[in-house]
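Dear colleague,

Please find below the structure that I am handing over to you. My notes on it follow directly after.

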Amino acid sequence: VSRQGDGLALEGRLYQIGRGESPVLNKVYRGPDLRTLVHTWVNDVIAQFTGQRGVFGARIAFAMGKGEVASVGMDGAEMKVLTSMKSPCFMPAYSPSGGQIAFTSYLMGGADLWLVSAGGGRARRISKRPGLNTGPAWFPGGGSLVATLSYEGNAELYRISATDGSVQTRLTNSHSIDLSASVSPDGSKIAFVSDRQGTPQIFIMPSSGGAAKRLTFQGTFNQTPRFCPKADTPIIAFTGRDERLVFDIFTLDLRTGKVERLTQNQGSNEDPTWSPDCRLVVYASSRGGLFAMNPQTRLEYRIWKGAAKSPSFGPAPASP
C-alpha cells in the first residue's frame, strides 16, 4: 500500500505454489479508502479460483431491536442506522441496484410501506392503504414490488409501483392470508406463504398471478421463503418450525424437491437471506444477532451481535 496524491494505491500479487515464480494475479487498485481497495482485491482473488467474484463490500439491511432499519457490512463492520422513525420498522428489502430499501413502518399508525436511501436519510411513504401494507419484495429492474395489502378485505399479494405505490396487478385471490413473497431472479415466479390448506406453508406461482403450487409438506409452520439470486441455482431458503416448536433454517431444491436443514440445536433461527453469489445464507438468531452459514460446508460465523430481525442481503459491489 502506498500513498498517491490524496488517495491510496494497493498492489496485490497472488502466487500459486507449483505455478512458477510469477504471480497468477497482479493488480493495482487506487482510491481514497483502503478498506474498499482490500475488498476489491479479495473479490478478485476469489474470482481467480472460482470464476465468480466474491461479495466483500456488500451490505446487509436489518430491523434493529429498537425498531429502526440499519445496515452492516457483510463482514460485520461499519454498521449504520438508516432511519430515524422512532417507530417500529420491519422487513427491509434491498432494491436490485442496492440504492433503496423498502420496509414496513407503523409511524403513522398503520402498517405502511416506505422507501429509504441505502445510505440513510428521510424515508418516503409509498403505500398507505387501510389495513396492511407490508412484506415488500422487489421485481428485477426495481420498477415494482410485490407486497401484501388488505385494503380490499383479505390479505392478498399485489404488484405495485415502486415510485408511487399504485396497484399494477392483484396476484392472489384466496380466502386465506398470503404474505412473505419472494421474486425469482428472472422475475418469472413468486414464492410466498399461505395457510390456504390449513397451516402456513410455502407456495409458488407465476409472477403474473394464477394457480399456485404447494412446495412444503414437512412440518406445520413454514415461512419466509427466499430465492437464491442466481437464476441457474433454483433453491429456496426458508424458516421452518420443528416438533419442539423451534424455528430453524432449511433449503428446498426446486429441481429435486429435496429439503435440507441448515441449523439445529443452536437456538431459534429465522428469516434467511442469500448473498448475491448464493455462497452464504444469513439469518437472525435467538443467540443474538445475525449469523452467516455456508450451506455446503455448514460453517457458521456471527456477523452482527445485537437484536436483529429480517435481514436483507444487498447486491455485490460493481467490478472496478
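**Cys278 and the second largest pocket**

Cys278 is buried, its relative accessible area being 13%, a value under the 20% limit that defines a buried residue. Please bear in mind throughout that this is a predicted model. Cys278 sits in the loop that runs between strand E23 (269-274) and E24. The backbone there deserves a look, for Cys278 has a positive phi near 65 degrees although this residue is not glycine. As a general matter, most residues other than glycine have a negative phi.

Cys278 also belongs to the lining of the second largest pocket, where Thr233, Ile235, Cys278, Pro295 and Gln296 lie nearest the centre among 19 lining residues. The volume of this pocket is about 400 Å³. By character, its lining comprises seven charged, six polar and six nonpolar residues. Strand E21 (residues 247-253) contributes the most to the lining, with three residues.

**A second positive phi, at Glu78**

Glu78 is another non-glycine residue with a positive phi, in this case of about 60 degrees. Glu78 is placed in the loop between E5 and E6. With a relative accessibility of 48%, Glu78 is classed as partly exposed.

**The four-stranded sheet and the largest nonpolar core**

E5 and E6 are members of an open, antiparallel sheet of four strands, ordered E6-E5-E4-E27. Strand E6 (80-81) and E27 are the edge strands; each has a single partner strand, so one side of each has no neighbour in the sheet. E4 and E27 are joined by four bridges in the antiparallel sense. Within this pairing, Ala63 has Lys309 in E27 as its bridge partner.

Which residues have the most contacts inside the largest nonpolar core? They are Ile60, Phe62, Val282, Leu290, Ile303 and Trp304, in a core of 16 residues. At least two residues of this core come from each of strand E4 (59-64), strand E5 (69-73), strand E24 (281-285), E25, E26 and strand E27 (308-313). In soluble globular proteins generally, nonpolar side chains tend to be buried together.

Leu290 illustrates how these elements meet. Beyond its neighbours within four places in sequence, Leu290 is in contact with Ile60, Phe62, Val282, Tyr283, Ala284, Tyr301, Arg302, Ile303, Trp304, Ala308 and Pro311.

**The strands E16, E17 and E18**

Strand E16 (residues 189-194) pairs with E17 in the antiparallel sense, over six bridges. One facing pair is formed by Ile190 and Met205, the latter in E17. The two strands make a hairpin with six residues between them, and Gly198 in the turn has a positive phi of about 115 degrees.

On to the next pairing: E17 and strand E18 (residues 213-214) run antiparallel and are joined by two bridges. Here Phe203 is opposite Arg214 in E18. E17 and E18 likewise form a hairpin with six residues between the strands, in which Gly209 has a positive phi near 100 degrees. Is strand E17 mostly covered or mostly uncovered? Strand E17 (residues 201-206) is mostly covered, with five of its six residues buried.

Lys189 lies in strand E16 and is partly exposed, at a relative accessible area of 40%. Setting aside residues up to four places away in sequence, Lys189 touches Ser182, Val183, Ser184, Ile204, Met205, Pro206, Ser207 and Phe227. The last of these contacts links positions 38 residues apart in sequence: the C-alpha atoms of Lys189 and Phe227 are 9.7 Å apart.

**Two further residues**

His39 is part of helix H1 (residues 34-50). This histidine counts as buried, since its relative accessibility is 13% and the limit for a buried residue is under 20%. Apart from residues up to four places away in sequence, His39 touches Phe56, Gly57 and Asp75.

Thr297 is located in the loop between strand E25 (289-293) and strand E26 (300-304). Its relative accessible area of 45% makes Thr297 partly exposed. Thr297 and Ser95 are 202 residues apart along the chain, and 29 Å separates their C-alpha atoms.

With kind regards

Conventions
Residues are numbered from 1 along each chain as its sequence is written. This is a predicted model: local features need pLDDT of at least 70, side-chain atom pairs count only at pLDDT 80 or more; totals for chains, interfaces and linings use all residues. Side-chain values use heavy atoms; hydrogens and water are left out. On a 1 Å grid over the protein atoms alone, a cavity is a set of points where a 1.4 Å probe fits but cannot get out, and a pocket is an open set with protein on both sides within 12 Å along at least five of seven lines; lining residues have an atom within 4 Å of a point. Grid points are joined across faces, edges and corners, and a volume is the space filled by probe spheres set on the points. Ala, Val, Leu, Ile, Met, Phe, Trp, Tyr, Cys and Pro count as nonpolar, Asp, Glu, Lys and Arg as charged, and the others, Gly among them, as polar. Buried means under 20% relative accessible area, exposed over 50%, partly exposed in between (1.4 Å probe, protein chains only). Two strands pair if DSSP finds at least two bridges between them. A nonpolar core is a set of buried Ala, Val, Leu, Ile, Met, Phe, Trp, Tyr and Cys residues joined through side-chain atoms within 4.5 Å. Contact means heavy atoms within 4.5 Å.
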